[in-house]
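Reader: I am new to this structure and would like to be led through it carefully. Could you show me the model and then take my questions in turn?

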Amino acid sequence: MTLNQGDREIKKVSPIPNGNMISDANKGIDSIAYNHLNLPTRVEMNADGSNRIEYIYDAAGVKMAQLVYGADTLTKRTDYQGAFIYEDSVLQFIQHEEGRVVPVIASG
């Protein structure tokens, strides 16, 4: 189903019976796979799956990592270790109840 709203064309979002989306043409998402906890595990942006985002969770459903692939090559890995957030093995920030702490890396 496609709707026209002024100059924009709004494309269909495909849900499955439990309410999860399985695709969203408006955002260029071809497919979304879920685990047994209804958490997304794989979001594909093209039909062959070479451009995708994969998520890794622990048994309780806490996100442990996000892997971003472009042309079947890992382009970015984000690890979530409690309050510590690492991107490609480099500490990006520490979350806490007052906000976050961002490290300042001095060069030279």
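Reader: Which residue in β11 is the bridge partner of Y86?

Author: This is a predicted model, in which local features need pLDDT of at least 70 and side-chain atom pairs count only at pLDDT 80 or more, while totals for chains, interfaces and linings use all residues. Residues are numbered from 1 along each chain as its sequence is written, and side-chain values use heavy atoms, with hydrogens and water left out. Strands here are DSSP runs of E with at least two residues, numbered from the N terminus, and strand β10 (residues 84-87) is joined by four bridges to the antiparallel strand β11 (residues 90-96). In β11, the bridge partner of Y86 is L91.

Reader: Which strands are at the edges of the open sheet?

Author: Two strands count as paired if DSSP finds at least two bridges between them. Eight strands make up the open sheet, with antiparallel pairing, in the order β5-β6-β7-β8-β9-β10-β11-β12. Pairing on one side only marks the edge strands, which are β5 (31-34) and β12 (99-101).

Reader: Which strand gives the most residues to the largest nonpolar core?

Author: A nonpolar core is a set of buried Ala, Val, Leu, Ile, Met, Phe, Trp, Tyr and Cys residues joined through side-chain atoms within 4.5 Å, where buried means under 20% relative accessible area, exposed over 50% and partly exposed in between, with a 1.4 Å probe and protein chains only. The largest such core has seven residues, namely I29, I32, V43, I53, Y55, Y57 and V68. The most, three residues, comes from strand β7 (residues 52-57).

Reader: How many residues apart are R42 and E54, whose side chains meet in a salt bridge?

Author: A salt bridge is a side-chain nitrogen of Lys or Arg within 4 Å of a carboxyl oxygen of Asp or Glu, and the side chains of R42 and E54 meet in one at 2.9 Å, N to O. The pair links distant parts of the chain, with R42 in strand β6 (residues 40-44) and E54 in strand β7, and the separation is twelve residues.

Reader: Is E44, the other salt-bridge partner of R42, buried or exposed?

Author: The side chains of R42 and E44 meet in a salt bridge at 2.6 Å, N to O, and both belong to a network of salt bridges that also links R52, E54 and D72. R42 counts as partly exposed, because its relative accessibility is 27%. E44 has a relative accessible area of 15%, so E44 is buried.
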